[in-house]
Amino acid sequence: MKIIYFIIPLVILVSAWALAGQLKDDIPQKEIKDYNYVIGTQTVGSKYKFTEESMLVETARQIKDMGSNLLKFSMHPRYCTENYGLPENKDITSLTKLAQLEPSVKEVLNMDFKYYHIWVYGFSQYLPEPPGKKNDTTQIKFIGGYEDCYADALYDELYELTTYMLKEFNNSGKVFYLGNWEGDWHLRWDYDRTKPADPATLEGIKKWFKIRQKAIDDAKRDTEYENVEIYHYMEVNLIQRAIDLGDKVLTNSVLQEVNPDYVSYSTYDVTNPPKTETELNASLKKALDYIESYLPEKEGLPEGKRVWIGEYGNPFISHGEEKQDERAKWVIKAGLEWESPFILFWEMYNNEIKKETGEQVGYWMINDEGKKQKIWYTHNQFYKESQRFIEKYYRKHNEAPSLTAFKEAALNFKSLK
């Protein structure tokens, strides 16, 4: 009888272990890996690196190693100068050729990232000027009005890029968001926010955004693909003056007519002035609500909000490591409460140096000595907590959590305390 009593519990214990292993195996690890964790970062114009790899590849690896499944970077004719310092290739004359022929760009596009946010600026916008016009290749061509020759060339270039990416990454599960850097500075190209918007430039930029959306839409319509998505987004950055003074900005003058798939908000005008979390929380949500109020409904897009936080950050030089991390948590929590689809910190390596002193300004997660900052550890821990939550949720519900369910859990993560 003693032998029987011993064998029965042993059988039960072995069966329990087997069942636990089976349950773990039944959890779709890809769903956990590909879940949108909302928070992330980006890489453009870094002022240092530590390996023999290109700046773009090195920083992309750092973002991946931190635990993120999202990469934000730039595809631009300046790929070989201040953006990434990559070797110039005279055969690269379009965005598609940049994706195909530049080894670092090709490598990061093929890395194991689920989500890509990419600033796309056409090589075709640097065509010779029409007769009688000044040849100034430093300015985007919609300033003062947008010539049809540039609009047509941009359409062709973005149509070609979208078609290429749909075919190249067909059935990859990747999601690409193609957009622009702070668009209100394109509208006020001299960076003087106090000046009124130039009417001709306002019409030019409106045409520019419409062309970008149409080129992407048409390429998607004309191409067979599955399990890969490409969307167009507009990034805006001047909201506070529109709210306080009624100034003409992209949001209240262009957004409604273009109706892009998504809107990114570079939030410095409402996230850097506040001195308290309560004040920042209110000002950021008010700005996000303002943008959303000008965005018409649109069919054919995933459920959820269409405005996100594309940039925020506080430089180390004026805040220090502790305050930089604390203020980042303020933004993350406000963004999660508002259910922003993405909240992206600027950035992995610092991109700004003070001209007067040569000091690193410190928009970083890893500093110029290779030291990981507190904000890096906040993100790293957040990703680990997210994965544990999603796995636990899946065990209980046999499905991934909604953004609302994820948000409610994430606001209580230790990483945000």
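Let me begin with confidence: the protein chain averages a pLDDT of 92, and 91% of the residues score at least 70. Please keep in mind throughout that this is a predicted model. Over residues 1-23 the pLDDT is below 50, and beyond near neighbours in sequence that stretch has one contact in the model. Where pLDDT is low, the predicted coordinates should not be read in detail, and I will therefore turn to other parts of the chain.

I would like to take helix packing next. Two packed helices are described by the angle between their axes and the distance between the axes. Helix H6, which covers residues 148-168, packs against helix H8, residues 199-222, at an angle of about 35°, and their axes are 8 Å apart. The crossing of these two helices, H6 and H8, is right-handed. If you would like to find the contact on the screen, H6 brings residues including Leu154, Tyr155, Leu158 and Leu166, while H8 brings, among others, Trp208, Ile211, Ala215 and Ala219. By class, the residues of this contact between H6 and H8 divide into 11 nonpolar, two polar and seven charged.

A second pair to look at is helix H14, residues 316-338, with helix H15, where the angle is about 35° and the axes lie 8 Å apart. Here Glu321, Glu322, Gln324, Asp325, Ala328, Lys329, Ile332 and Leu336 of H14 meet Lys374, Ile375, Thr378, His379 and Phe382 of H15. The residues in the contact of H14 with H15 comprise five nonpolar, three polar and five charged.

Now to the spaces in the model, starting with the pockets. The largest pocket has a volume of about 830 Å³, and of the 29 residues that line this pocket, the closest to its centre are Arg78, Glu82, Asn83, Trp181 and Tyr191. The lining of the largest pocket divides into 15 nonpolar, eight polar and six charged residues.

The second largest pocket holds about 700 Å³ of space, and of its 23 lining residues, Asn36, Tyr115, Pro302, Glu303 and Leu403 are the closest to the centre. Which helices and strands each supply at least two residues of this lining? They are helix H2 (29-34), strand S4 (175-179), strand S5 (229-236) and helix H16 (403-410). By class, the lining of the second largest pocket has 12 nonpolar, four polar and seven charged residues.

As for cavities, the structure holds two of 30 Å³ or more, and the second largest has a volume of about 30 Å³. That second largest cavity is lined by Asn36, Tyr37, Val38, Ile39, Ser68, Asn69, Leu70, Tyr115 and Phe342, a lining with six nonpolar, three polar and no charged residues. You may recall Asn36 and Tyr115 from the second largest pocket, where they are among the residues closest to its centre.

Finally, I want to show two details of the backbone. Most residues other than glycine have a negative phi, and most peptide bonds are trans. Val38, one of the residues lining the second largest cavity, has a positive phi, near 75°, and Val38 is placed in the loop between H2 and strand S1 (39-41). The other detail is a cis peptide bond that joins Trp346 and Glu347, with omega at about -15°. Glu347 has its place in the loop between strand S8 (343-345) and helix H15 (374-397), and H15 is the helix that we saw packing with H14.

Methods. Residues numbered from 1 in each chain as written. Predicted model: local features only at pLDDT ≥ 70, side-chain atom pairs only at ≥ 80, totals over all residues. Heavy atoms only, no water. Axes fitted to C-alpha atoms, helices over the stretch in contact; angles between N-to-C directions. Helix = DSSP H or I, 4+ residues; strand = E, 2+ residues; numbered from the N terminus. Left-handed = near helix turned anticlockwise from the far one by under 90°. Contact = heavy atoms within 4.5 Å. Nonpolar A, V, L, I, M, F, W, Y, C, P; charged D, E, K, R; others polar. 1 Å grid on protein atoms, 1.4 Å probe; cavity = no way out; pocket = protein on both sides within 12 Å on 5 of 7 lines; lining within 4 Å. Points joined across faces, edges and corners; volume = space filled by probe spheres on them. pLDDT = per-residue confidence, 0-100.
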